[in-house]
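Before the questions begin, please look over the sequence and the structure shown here. The turns that follow ask how certain descriptions are justified.

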Amino acid sequence: RDARPDGRTCRARGGTFVGGNPPATHVDMSVDDLVAFEERADELVAKYEHADDRGQAAAASATREELKDLLRAVLERSSNMEGPDRGASERARALYLRGRLIECTADQGDADGAKALVGAEEALKKAAKLNPTLEGAWICLGQLLWKKGNLDGAKNCYAAVTSRAPNKKASQCMSMLCRTIAKAKATPGTDEQKEHVVESLEHAKAAIKLDVTDGYSWYQCGMAYMTQFFAEGATDPNKLSQSLQCFASAEKGGPAGDGSLEKGGIGDYPDLHFNRATVQRYVEEYASALEGFKRAAQLDPQLPWKGEVDAMLAVLTKLDDGCAGQGPMFKPKRLLPVQKTLAEARAPSAAEEYRGGSLKALAPGVNKGICVNVRAALDATAEDMLNLHYIVVDGDGTLAALSVYGLEDGAVRQSSTLTLLDPNVKDVDATWEGRRFKFRLVRVDLPKQILVGGTMPVGLARPRLASVNL
């Protein structure tokens, strides 16, 4: 399945366009016919997008055939409705209907489909020119231009709608598109990129304001918060908390929703579970992340969930085995000299406002005002380099996992005493296919939360997210 920019927009569609040219004989279309065709198009497009977004290939293919049949029927009867003797409003609606159906059914990967999409673009542009307030024409034209890679043109189309009046669909599309532009056209870490991401968040919030029960708007908001966290240097963990809260509202259909799909919940949307699990992996909520990837795989097996799960399991196995003291590096003859060195240096090598502690005595959560001296006994960093992982030991011989973000590999030296400031502790307990992983983990999000040999470490790196269906 082709990677998508952010969800339902710009998905590559398979198959061959069969609309073709209208037949030689025509039956004139009445206004009542036009209304009936529009209603049927609304129904089928919504049905198709729902199935396509959720990886339901058979359902999407069947609905696409229905859309092709509808397009044939429209082509047989629409020429008189598009003629100059009709009013501008009726002509615009007919042109939009034709362009919309071609956009849904044409495959730009083959010659016939590409030619049909050129005609669809012309029809949609004419429709928008004849009736600038026809919101659907602008939104559909925006999707078509986005699919062609014309991001600025797509943004202008959505802006043509939102500049006149609030519109939920256009705001959702703008939120997605702004993040795509931030990734495709702006240098990482620049003010330009940050501005695009802020704009994405603003449009997502605007969509929520129009309908607080629409889970898809909440999903866009969650994606925007997540993207903002990384665009701004991954220094504000509250952004990830807000992202997870939005994802929860997306699944329920708003903060007060009951999860019903009929009332706005999108619990059947695989990208929601995949992207939420990716964030949960980053914040090391491993049990929830594993469940999320499992649910995403059930809904859409074509998502790249297996690589994510395998990478997590590799880390969890290393950390769990290490904390259990499995391996030659944890033999007493190796650890006792380290413990002795740490025990003799009980006085914390940190500022006076900190008091010394031990790994065992730490409570779950942030231990404010506490510092703990440890040494790294094992480098357990995974190949994907999402972050640095170590097994550390303190003066009492207690083993724990240490997770360090924002530093280059090598910034934490195993020969140096590490001083953990305000240690943030998480007791991990996750199970996958009968294997239980249970250990204590200390998380370091920022360089100021750790000293290496008594000084703040060097070798800062931009934190990154493993893989997200943006």
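Q: Which residue follows H10, and what is the sign of its phi?
A: In this predicted model, H10 is followed by glycine 253, whose phi is positive, near 90°.

Q: How do you know that the span of helix H10 (residues 237-252) agrees with its number of residues?
A: At 1.5 Å a residue, the 16 residues of H10 should span 22 Å, and because the end C-alpha atoms are 23 Å apart, the two values agree.

Q: Which residues of H10 are buried, and against what do they pack?
A: The buried residues of H10 include Lys239, Leu240, Phe247 and Ala250, and the buried residues of this helix pack against H9 and helix H11 (270-282).

Q: What makes H3 largely enclosed by the rest of the structure?
A: Of the 18 residues of H3, 14 are buried, so this helix is largely enclosed by the rest of the structure.

Q: How do you know that the span of helix H3 (residues 88-105) agrees with expectation?
A: At 1.5 Å a residue, its 18 residues should span 26 Å, and since the end C-alpha atoms of H3 are 26 Å apart, the expectation is met.

Q: Why is aspartate 396 called partly exposed?
A: Partly exposed covers the range between under 20% and over 50% relative accessible area, and aspartate 396, with a relative accessible area of 46%, is therefore partly exposed. Aspartate 396 lies in the loop between strand E4 (388-394) and strand E5 (399-404).

Notes. Residues numbered from 1 in each chain as written. Predicted model: local features only at pLDDT ≥ 70, side-chain atom pairs only at ≥ 80, totals over all residues. Heavy atoms only, no water. Helix = DSSP H or I, 4+ residues; strand = E, 2+ residues; numbered from the N terminus. Expected span 1.5 Å × (residues − 1). Buried < 20%, exposed > 50% of the residue type's maximum accessible area, 1.4 Å probe, protein only. Contact = heavy atoms within 4.5 Å.
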